[in-house]
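Biologist: I would like a close look at one part of this model, namely its salt bridges and what surrounds them. Could you take me through them slowly, with each term explained as it comes up?

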Amino acid sequence: MLNWIKFLFLFLLALGFTITFIVFYQAGKPFAESEKVVKEAVLANNVLEKVEKMDHYHGKTSWITVYGTDKNDHEKIIFVEEETTKILKAVSIKDGITKQKAKDIVKKEENVKKILNAALGMENDTPFWEVSYLDDEDFLHYAYLNFVDGKWLKRISKL
């Protein structure tokens, strides 16, 4: 009887791990597929020679921000609409502030306990850094900083 209990316990444990793995794998598939399509579109249109990484941004519309280098070996950021794979804007990395600089600006001007994320987004043809952070009271905040000069565009506080 004890062997059956051990077997049943190990079987259910293995089944639980298998189901968890399958769920997480399936959850990541749409992101992987959209990134693959966007990467192919960017490379096929000769916008970039090499893609280094991609980020997702979900605002009024969903964007995939593609980081890479062009044929002249200049580092570029390409904003691609996720649904249509339409390339909407290309900016040079050197023309804007870095992710770390955006985080530093927010830390300097706000009461920040922990920076959660910083991602590039775009609205109204203006690229910006969206920095999400927690304050000392564990409220969630979003800061939107202009990519070019680091000036504040808007804030969403105490969520």
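Modeller: Let me begin with one pair, Lys-53 and Asp-55, whose side chains meet in a salt bridge at 4.0 Å, N to O; the term stands for a side-chain nitrogen of Lys or Arg within 4 Å of a carboxyl oxygen of Asp or Glu. This is a predicted model, in which local features need pLDDT of at least 70 and side-chain atom pairs count only at pLDDT 80 or more, while totals for chains, interfaces and linings use all residues. Residues are numbered from 1 along each chain as its sequence is written, and side-chain values use heavy atoms, with hydrogens and water left out.

Lys-53 is partly exposed, with a relative accessible area of 40%, whereas Asp-55 counts as buried at 19%; buried means under 20% relative accessible area, exposed over 50%, and partly exposed in between, with a 1.4 Å probe and protein chains only.

A search of the whole structure finds five salt bridges, and another of them joins the side chains of Glu-109 and Arg-155 at 3.7 Å, N to O. Because Glu-109 lies in helix α2 and Arg-155 in strand β8 (residues 152-156), this pair ties together parts that are 46 residues apart in sequence; helices (H or I, at least four residues) and strands (E, at least two) are DSSP runs, numbered from the N terminus. Glu-109 is partly exposed at 45% relative accessibility, and Arg-155 is partly exposed at 45%.

Arg-155 also forms a salt bridge with Glu-110, where the closest N and O atoms are 3.3 Å apart. Glu-110 sits in the loop between α2 and β5 and Arg-155 in strand β8, so the pair ties together parts that are 45 residues apart in sequence. Glu-110, at 23% relative accessibility, counts as partly exposed. Through shared partners, the salt bridges join Glu-109, Glu-110 and Arg-155 into one network.

For the surroundings, turn to the largest nonpolar core, a set of buried Ala, Val, Leu, Ile, Met, Phe, Trp, Tyr and Cys residues joined through side-chain atoms within 4.5 Å. Of its 22 residues, Ile-77, Phe-79, Val-106, Leu-120, Trp-129 and Val-131 touch the most other members, and the elements that give two or more residues to this core include α2 (99-109) and β5 (114-123). A second, separate core has nine residues, among them Val-38, Leu-48, Val-51 and Val-66.
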